[in-house]
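Let's take a relaxed walk through a small structure. Have a look at the picture first, then read on.

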Amino acid sequence: LWLLVAGKEYFLSYKDYPWFKESTVAELHNVSLLHGHHLHWPDLDIDLDLASLEHPERYPLKSR
């Protein structure tokens, strides 16, 4: 999954972000940037901070 946020590209691999793998295009497109740094996918109940995408080693991700 590639994201373009405020002119910067981010790559989210399914290995590192497995909850996106079975998502539909419509679910992926329904994303909001909140407060300039917080991504929210309401259909998927997923929230990510841009800092976690820029420095993933600082933010170990856990999915349930």
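How many bridges join E3 to E4, and do these strands run parallel or antiparallel? Three bridges join E3 to E4, and the two run antiparallel.

## Before we start

This is a predicted model, in which local features need pLDDT of at least 70 and side-chain atom pairs count only at pLDDT 80 or more, while totals for chains, interfaces and linings use all residues. Residues are numbered from 1 along each chain as its sequence is written, and side-chain values use heavy atoms, with hydrogens and water left out.

## The overall layout

The protein has two helices and five strands. Both kinds of element are DSSP runs, numbered from the N terminus: helices (H or I) have at least four residues and strands (E) at least two. Reading from the N terminus, the order is β-β-α-β-β-β-α. With a radius of gyration of 11 Å, close to the 11 Å that the globule rule gives for 64 residues, the protein is as compact as a globular protein of that length. (That radius is taken over C-alpha atoms, and the rule is 2.2 Å times the number of residues to the power 0.38.)

The C-alpha trace spans about 25 × 25 × 20 Å along its principal axes. About 4800 Å² of the protein is exposed, with carbon and sulfur atoms supplying 53% of that area; the areas come from the Shrake-Rupley method with a 1.4 Å probe, and for residues only the protein chains shown count as cover. Buried residues make up 25% of the 64. Here, buried means under 20% relative accessible area, exposed means over 50%, and partly exposed is in between (1.4 Å probe, protein chains only).

## The three-stranded sheet

E3, E4 and E5 form an open sheet in that order, with antiparallel pairing. E3 (32-34) and E5 are at the edges with a single partner strand each, so one side of each has no neighbour in the sheet. From one strand to the next, the twist averages 25°. (The axes are lines fitted to C-alpha atoms, for helices over the stretch in contact, and angles run from 0 to 180 degrees between N-to-C directions.) Two strands count as paired if DSSP finds at least two bridges between them.

Between E3 and E4, Leu33 has Leu39 as its bridge partner. On to the next pair: four bridges join E4 to E5, again antiparallel, and His40 stands opposite Asp47 there. E4 and E5 make a hairpin with four residues between them. In that loop sits Asp45, which has a positive phi of about 55° although it is not a glycine. Asp45 counts as exposed, at 65% relative accessibility.

## A closer look at His40 and E5

His40 belongs to strand E4 and is partly exposed, with a relative accessible area of 23%. Leaving out residues up to four places away in sequence, His40 touches Asn30, Val31, Ser32, Leu34, Ile46 and Asp47, where contact means heavy atoms within 4.5 Å. One of these, Asn30, is ten residues from His40 in sequence and 8.5 Å away in space, C-alpha to C-alpha.

Which way do the side chains of E5 point? They alternate: Ile46 and Leu48 point to one face and are buried, while Asp47 and Asp49 point to the other and are not.

## The first hairpin

Strands E1 (residues 2-5) and E2 (residues 8-11) run antiparallel and are joined by four bridges. Leu4 stands opposite Glu9 in this pair. Two residues lie between the strands of this hairpin. Ala6 is in that loop, with a positive phi near 50°, and is exposed at 81% relative accessible area. Gly7 lies in the loop too and counts as exposed, at 70% relative accessibility.

## The nonpolar core

Which residues touch the most other members of the largest nonpolar core? They are Leu3, Leu12, Phe20, Leu48 and Leu53, out of 13 residues. E1, E4 (38-41), E5 (46-49) and helix H2 (50-54) each supply at least two residues of this core. A nonpolar core, by the way, is a set of buried Ala, Val, Leu, Ile, Met, Phe, Trp, Tyr and Cys residues joined through side-chain atoms within 4.5 Å.

Take Leu12: not counting residues up to four places away in sequence, Leu12 touches Leu1, Leu3, Tyr17, Phe20, Leu48 and Leu53. As for the protein's contacts between residues at least 6 apart in sequence, 33% join residues at least 24 apart.
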